[in-house]
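Visitor: I'd like to go through a structure with you and ask how its descriptions are justified. Could you show it to me?
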Amino acid sequence: MERLTQQLRQLTRKLFPDLISLPPNRQEQALLAMTYFYFLLPLFVVGVVWLWLVTDWSILVGNWGILLFLLILTSLINQRPFVFPIALTDSVTLPFSASLSSLLSMMVLLVFGPGALWLMWIVGFGSAISAGWQDRKNNLPFLFALNNFVQSSGTSILILLVAGTVFTATGGSYPFRANSLAEWLPSIWAILALSAAPTVIYFLPTWSVTIQSGQSLNRHTFFRLMGGGTLISLLTTPFALPLAQVYDAENLPLFVMFCLAVAGANMLAYFFLVSSIY
């Protein structure tokens, strides 16, 4: 892994020679961002192809109004993430972010099926464009935008598709409805898969990042890089289940109200974290 890591760093410097003009800490952040990009790019391709193959376009067309509302709402939530700075060394800090958009993503999957995850792909694409614009204003190459796009519109979609596969394989069906414990179990297994899958998908890039930070990969280091996101997923994603239960195509106001409540909770958490930091 050490040899591969060095080769990837050399590749990044060849592809983006302007990195040499950046401050050392920004250079290191850019190299680490591209590490995630290289490792996750094949999974991005798998996720997009898989999503295309399972999409039932008639569902998207038939529910375009509520899906458009969810697209806009998820985009707004995604612009106010919770940012957790992870200090790898004294000079290098990685900003890890999360939001309640993952809750809405799981709900969209449970109600409309995997094809509706194109909403999340579009949200991720918009987020990457925003990151690219910020890179340009800061005179940075589009490294962070590339990393953002591959993760938001690729690996996150793949993880949701894995959760959907677990859901249907254990007896679940779309749209999600549950009146007994047996009917709840598939969704519970899906949430556990959603929370556990990143541990597998991000293992190799996390290993490479720890090498670049001069640390050894052990339980403490791995949990510091991955534990926060997993914990947030386990705490927030279960709320997608009652939200999916509320959905009724013939009576949308209650569903819309609950979705707006999720957005409000995200905004409150965002402003609380911002005020506590500054």
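Visitor: What makes you say that α7 bends at Gln151?
Guide: Happy to explain! In this predicted model, the angle between axes fitted to the seven residues ending at a position and the seven starting there is the bend. At Gln151 of α7 that angle is about 30°.

Visitor: How do you know that the span of helix α7 agrees with its number of residues?
Guide: Helix α7 covers residues 143-169, which is 27 residues. At 1.5 Å a residue the expected span is 39 Å, and the end C-alpha atoms lie 38 Å apart, so the two values agree. Just after α7 comes Gly171, with a positive phi of about 110°.

Visitor: Why does Thr237 count as buried?
Guide: The cut-off for buried is under 20% relative accessible area. Thr237 has 0% relative accessibility, so it counts as buried. Thr237 sits in the loop between α10 (219-236) and α11 (240-246). Leaving aside residues up to four places away in sequence, Thr237 touches Met106, Ile191, Leu194 and Ile232.

Visitor: Why is α1 called roughly perpendicular to α2?
Guide: Helix α1 (residues 2-15) and helix α2 (residues 24-54) pack at an angle of about 110°, their axes being 10 Å apart. Angles of 65 to 115 degrees count as roughly perpendicular, and therefore α1 is roughly perpendicular to α2. The crossing of the two helices is right-handed.

Visitor: Which residues of α1 and α2 make the contact?
Guide: From α1, they include Leu4, Leu8, Arg9 and Leu11. Among those on the α2 side are Glu28, Leu31, Met34 and Tyr38.

Key:
Residues are numbered from 1 along each chain as its sequence is written. This is a predicted model: local features need pLDDT of at least 70, side-chain atom pairs count only at pLDDT 80 or more; totals for chains, interfaces and linings use all residues. Side-chain values use heavy atoms; hydrogens and water are left out. Helices (H or I, at least four residues) and strands (E, at least two) are DSSP runs, numbered from the N terminus. The expected span of a helix is 1.5 Å times one less than its number of residues. Buried means under 20% relative accessible area, exposed over 50%, partly exposed in between (1.4 Å probe, protein chains only). Contact means heavy atoms within 4.5 Å. Axes are lines fitted to C-alpha atoms, for helices over the stretch in contact, and angles run from 0 to 180 degrees between N-to-C directions. Angles under 35 degrees count as roughly parallel, over 145 as roughly antiparallel, 65 to 115 as roughly perpendicular and the rest as oblique. A crossing is left-handed if the near helix is turned anticlockwise from the far one by less than a right angle, and right-handed if clockwise.
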